[in-house]
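Please examine the protein shown below. The paragraphs that follow lead through its parts one at a time.

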Amino acid sequence: MKRVTSTNTSTPPPHAAAATEAALTEPLKELADIKFALDQSTIVAITNQRGIITYVNEAFCRISKYSRAELLGQDHRIINSGYHSKEFIRNLWTTIAGGQVWRGEFRNRAKDGSIYWVDTTIVPFLDEHQKPYQYVAIRHDITQLKLAEEQIRQQADLLDKSQDAILVRDMHDRIIYWNQSAERMYGWRIDEVIGRKTTDFLFQSMPPDYPTAQKTLLERGEWRGEFNQITKDGRALIVESRWTLVRDENGEPVQKLVINTDVTEHKRLQNELQRAAQLSFVGELAAGLAHEVKNPLAGIQGAVDILIRRRNPNDPEREALEGIRHEVTRIDATVRALLDRARPRALSTVETSLVKLTSKAVTMARSQAIGAAARGRLIQIEFEPPEQDIIVNADAAQIEDAILNLVINAIEAIEAEGRITVRIERAETEETGEEAVIEIADTGRGISEENLKRIFNTFFTTTKGGTGLGLPAVRRIARAHGGRVEAISQIGEGSSFRIHLPVGDAKSLDRPFK
Ligand code: FAD
């Protein structure tokens with residue numbers, strides 16, 4: 001530091017000299033004491049105006065792991081870790097060279113390669129022309145703080161990467177943390193939810209078990225359960241929620257940590273599976289029942305036939321017996337239909353007129369449409385056959401079934417008034433060659449994009465009372481014929497189902513019937 005000198009040149013009297021010495025020794029001692037105190041508590045370095053180190057204290061040597069001899073005469077590049085930008089260093093130099101104090105945080109590299117952080121204040125000492133002649137750097141070790149900050153940043157990044165919505169509520173249930181997954185899951189941005197209560201915007205109405213959940217959390221420190229929630233755009237969600245009470249070092253509850261997992265899709269699949277299991281059980285049951293009923297039914301039919309034959313044509317009992325036979329035949333047909341549903345029939349193909357079988361299906365469907373009209377809906381079914389009939393190798397009954405199924409679905413999709421068009425046309429593709437396409441298009445309510453992906457899944461249905469077996473059966477029939485079925489739809493505009501069947505390629509029918 002700048003030496004303190006006396007400016008008085010005349011020789012002072014002996015008593016005056018003693019007084020001056022005392023006056024000088026006092027501040028010098030005080031300065032030495034301040035320097036000692038500084039040395040004990042901080043890391044100190046002094047450089048000349050070019051940045052060459054002229055003084056370092058013990059703490060500097062300890063943290064940098066260099067000896068004093070190794071540091072003196074060097075500049076701070078010796079501990080430069082290459083972390084800071086040129087701009088950062090330039091700013092430091094322009095500040096201190098301009099006579100201003102600079103404050104900042106340095107990331108330095110010690111002699112053994114380890115990294116340490118120091119919170120730094122550089123004070124320029126100015127000469128009589130206000131030019132810096134040396135710089136004093138006073139620092140504190142903030143390595144632990146920086147590491148902790150880094151750790152917190154990494155943990156926050158991890159929380160953001162999590163699939164779960166993670167939020168923290170204070171003890172008044174106001175949100176104080178909301179991770180990025182919560183933004184993704186609910187559509188609410190962090191700035192829209194901070195300070196709000198989840199019960200104000202994540203629930204349609206206060207869930208009845210919410211107060212119990214709160215009570216359990218306070219008593220046991222955690223709670224786990226399921227909630228129905230809604231997103232910002234009104235989508236319904238089912239979430240699995242885990243709450244944990246966060247306590248401070250004195251054991252006092254301070255925050256509530258909430259982790260929510262979206263289980264909506266999982267629940268839907270679970271329900272579908274459950275339904276599938278139930279329906280397959282019902283299928284088994286139906287097959288078993290049909291089998292049990294069929295044999296006694298055949299017995300009754302045989303016995304009734306004998307009794308009828310024994311009566312002469314005018315016998316009044318004969319009419320009653322014929323009535324019984326008619327009912328038994330009806331039961332038999334129902335049982336067969338039940339068996340058909342439970343076990344698909346094998347394919348029996350012959351060369352068939354597509355126009356003929358389609359028009360048969362359309363006629364049957366029209367009788368359904370008449371029923372619908374009677375229930376207050378106006379449905380028109382149009383059939384547009386091609387100019388030239390198309391002959392396909394097919395199981396006519398099954399293709400008829402498939403067309404009928406699609407037309408009945410189309411009738412169901414029309415709420416008040418609409419049109420169904422059944423078209424047959426030839427098509428040719430590079431992959432499949434010549435094809436016959438049967439199109440069933442309606443002007444009904446349409447199918448959402450999400451449901452369109454799933455309509456061919458067994459047991460998937462959006463119709464009340466539907467089984468979810470119709471469309472899978474249509475697909476099974478098309479595939480068994482070496483063809484395929486596709487659907488396009490637009491909500492509010494209608495849907496179009498197209499069955500593609502190969503034309504004149506008998507080999508493609510060898511496919512297994514699945
Ligand atoms: P450079 O490429 O050398 O410089 C970047 C820019 O800074 C240059 O383009 C120039 O505009 C300006 N600049 C650099 N040196 C000077 C100079 N001598 N005079 C005027 N402008 C200049 N660095 C650390 O890494 N860690 C420290 O703890 C540290 N403590 C310091 C304490 C004091 C008291 C002083 C005076 C400097 C300290 N420095 C420290 C800065 C150090 O002296 C070097 O300037 C720096 O390390 C060089 O970094 P660089 O090679 O990335 O930048």
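**A guided reading of the model**

An open sheet of 5 strands, with mixed pairing, follows the order β12-β14-β15-β17-β16. Strands (E, at least two residues) and helices (H or I, at least four) are DSSP runs numbered from the N terminus, and two strands pair if DSSP finds at least two bridges between them. Because β12 (378-384) and β16 (484-490) stand at the edges with a single partner strand each, one side of each is left without a neighbour in the sheet. On average, neighbouring strands of this sheet are turned by 15 degrees against each other, direction ignored. Axes here are lines fitted to C-alpha atoms, for helices over the stretch in contact, and angles run from 0 to 180 degrees between N-to-C directions.

This is a predicted model, in which local features need pLDDT of at least 70 and side-chain atom pairs count only at pLDDT 80 or more, while totals for chains, interfaces and linings use all residues. Residues are numbered from 1 along each chain as its sequence is written, and side-chain values use heavy atoms, leaving out hydrogens and water.

Within the sheet, strands β15 (residues 433-442) and β17 (residues 494-502) run antiparallel and are joined by 8 bridges. I440 stands opposite F497 in β17. Helix α12 (residues 396-413) packs on the sheet, where it touches β12, β14 (417-429), β15 and β17; a contact means heavy atoms within 4.5 Å. The direction of α12 makes about 30 degrees with that of β15. Helix α14 (residues 470-480) also packs on the sheet, touching β16 and β17, and its direction makes about 140 degrees with that of β16.

The largest nonpolar core has 40 residues, and I381, I420 and I499 have the most contacts inside it. Such a core is a set of buried Ala, Val, Leu, Ile, Met, Phe, Trp, Tyr and Cys residues joined through side-chain atoms within 4.5 Å; buried means under 20% relative accessible area, exposed over 50%, and partly exposed in between (1.4 Å probe, protein chains only). Helix α12 gives the largest share of this core, 8 residues. Apart from it lies another core, of 22 residues, among them L202, A213, L245 and V258.

Finally, confidence must be considered. The protein chain averages a pLDDT (the predictor's confidence in each residue, from 0 to 100) of 86, and 87% of the residues score at least 70. Over residues 1-14 the pLDDT is below 50, and this stretch has 6 contacts in the model beyond near neighbours in sequence. Where pLDDT is low, the predicted coordinates should not be read in detail.
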